[in-house]
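Below are some notes on the model, set out as numbered points. Please read them with the structure open.

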Amino acid sequence: MPPRTSAPTRTERLDRLPFTRAHRKLLVGSGLGWALDAMDVGLLSYVLVALASTWEVTPTEQSWLATISAIGMAIGASVGGLLADKFGRRQVFAVTLLIFGVATGLSALAWSVGALIVFRFLIGLGLGSELPVASTLVSEMAPARIRGRIVVILEAFWAVGWLAAALIGAFIVPLSDDGWRWALAIGLIPALYAVVVRFGLPESVRFLESKGRHAEAEAVVRGFEASAGVTDVASPGVTDVAAPATVETTPAQLGARQRLAGLFSSELRGRTVPLWIVWFCVNFSYYGAFIWLPTILFNSGYPLVKSVEFTLIITLAQLPGYAVAAWLIEIWGRRMTLAVFLAGSAASAVLFGTATTDTTVLLFGCLLSFFNLGAWGALYAITPELYPTRLRATGAGWAAAVGRIGAILAPLSVPVLSALGGNALLFGAFGVFFVIAAVSALLLAERRGQALEE
């Protein structure tokens, strides 16, 4: 490995910057795409209820409409991570937003359940690719001392999108039999937003350096430094940047099979296995509970309007959940914050399943929303930190893909578990999965305040 001069590397220069307007632009730009994705996922829960009455969709068809998106997301996440490590984070982020937005708009024109299922699959492809790529991009550009907090704030945009879905579900979907079509048509917004993303956000400096594109990396770093009022910083040359010494391990030369094998190298398998377990369990419980929440409340005897109102209130609890997680993640660290919020999710799920009054349904539903979404924020923060640059998007993408298997199984399991033991058995099962996730989270490496591995 060639010797380094005393001049700081570009990534060190990024890590020591304060939070600037450039960081804010990246965070908001990525976060708005995240919120639009959440809006689509959230809208599905209201669309399912509407279709049950307008198209007389059966519970089995409802399950497949909920599940097919997760299948697309699993494929999208696995492929998107690989592509992002090869072609760049920003490029893949923009393309997947475009696929997601167009497919969502087309789903508003669906003429049958079968057609809607096809469109939901395409939506899942775009959505599954976008989320891990966006978190990887933000994680690689954020200063090390506040990196976890910034990624949790990024994930908090999910609550904004879910809240928008709740409002649309409450005020647009009930307007007419075609209200669900108008709700889905709003999903065309991401298609237009993709253009802004493509030309408005920077590419990851770490990715650019891994590809030998040092001039572009230098320009991005200087832009962030200028935003912070930093000038005249020594710029290391190409040979001053630590880089792999052989062709076999050069990121540009790694094929998809090599990157996947790298996730299970002796160095990384101890991170990959528990991470995949956490992702699977969290997805199973989250998608099982929240996609079906309006339907679960409706089937429990609440009128449709009231079930929608309750869902809206429960959704609001996501915001303080993210806020507390964003604060704790730089105090307790990623691992402990994730484990505690998962344990809180487990207790809340069990209590919600046994709730019998309006007050307890709302209380325990809000607690479940608070802890579950706070855990999501911590999970997205810790995931990209566990892998070196050459495998970061691949690692994040495949963790999300394995998680989507849980999201696939959960909607199919809800009707079965509900029939066997009602809400008590259903949410008790979710609680068990949260406990398994909490134990697995304690096995993950803690990288609070540390520079990302190159």
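1. Arg335 has contacts with Ile382, Ala441, Leu442, Leu444, Ala445 and Glu446, once its neighbours within four places in sequence are left aside. The model is a predicted one, and the comments here should be read as comments on a prediction. Arg335 belongs to helix H16. Its relative accessible area is 30%, so Arg335 counts as partly exposed. From Arg335 to Val113 the sequence separation is 222 residues, and the C-alpha atoms are 42 Å apart in space.

2. A second residue of H16, Leu351, also deserves a look; the helix covers residues 334–353. Leu351 has a relative accessible area of 36% and is therefore partly exposed. Between the C-alpha atoms of Leu351 and Phe19 there are 40 Å, with the two positions 332 residues apart along the chain.

3. Which residues touch the most other members of the largest nonpolar core? They are Trp158, Leu338, Leu342, Trp376 and Leu379, in a core of 144 residues. H18 supplies the largest share of this core, with 18 residues. For Leu338, contacts beyond four places in sequence are made with Val278, Ala375, Ala378, Leu379, Ile382, Ala441 and Leu444. Ile382, Ala441 and Leu444 thus appear in the contact list of Leu338 and also in that of Arg335.

4. Ala325 sits in helix H15, which runs over residues 318–328. Is Ala325 buried or exposed? Its relative accessible area is 1%, under the 20% limit, so Ala325 is buried. Outside the residues up to four places away in sequence, Ala325 touches Val152, Thr337, Phe341 and Gly374. Ala381 is 56 residues from Ala325 along the chain, and their C-alpha atoms are separated by 10 Å.

5. Leu363 is placed in helix H17, residues 358–385. With a relative accessible area of 45%, this residue is partly exposed, because the value lies between the 20% and 50% limits. Leu363 and Ile314 are 49 residues apart in sequence, and the C-alpha to C-alpha distance is 8.4 Å.

6. The pairing of H5 (residues 113–141) with H18 (residues 392–441) can be checked directly: the axes come within 9 Å and cross at roughly 145 degrees. The crossing is right-handed. On the H5 side the contact is made by Leu131, Pro132, Thr136 and Glu140, and on the H18 side by Arg392, Ala393, Ala396, Gly397, Ala400 and Arg404. Sorted by class, these are 5 nonpolar, 2 polar and 3 charged residues.

7. Two helices can be compared with the span expected for their length. H12 (residues 269–290) has 22 residues and reaches 31 Å from its first C-alpha to its last, close to the expected 32 Å at 1.5 Å a residue. Of those 22 residues, 17 are buried, so H12 is largely enclosed by the rest of the structure. For H3 (residues 59–87), the 29 residues should span 42 Å at 1.5 Å a residue, and the 41 Å between its end C-alpha atoms agrees with that.

8. Just after H3 comes Gly88, which takes a positive phi of about 120 degrees.

Notes
Residues are numbered from 1 along each chain as its sequence is written. This is a predicted model: local features need pLDDT of at least 70, side-chain atom pairs count only at pLDDT 80 or more; totals for chains, interfaces and linings use all residues. Side-chain values use heavy atoms; hydrogens and water are left out. Helices (H or I, at least four residues) and strands (E, at least two) are DSSP runs, numbered from the N terminus. Buried means under 20% relative accessible area, exposed over 50%, partly exposed in between (1.4 Å probe, protein chains only). Contact means heavy atoms within 4.5 Å. Axes are lines fitted to C-alpha atoms, for helices over the stretch in contact, and angles run from 0 to 180 degrees between N-to-C directions. A crossing is left-handed if the near helix is turned anticlockwise from the far one by less than a right angle, and right-handed if clockwise. Ala, Val, Leu, Ile, Met, Phe, Trp, Tyr, Cys and Pro count as nonpolar, Asp, Glu, Lys and Arg as charged, and the others, Gly among them, as polar. A nonpolar core is a set of buried Ala, Val, Leu, Ile, Met, Phe, Trp, Tyr and Cys residues joined through side-chain atoms within 4.5 Å. The expected span of a helix is 1.5 Å times one less than its number of residues.
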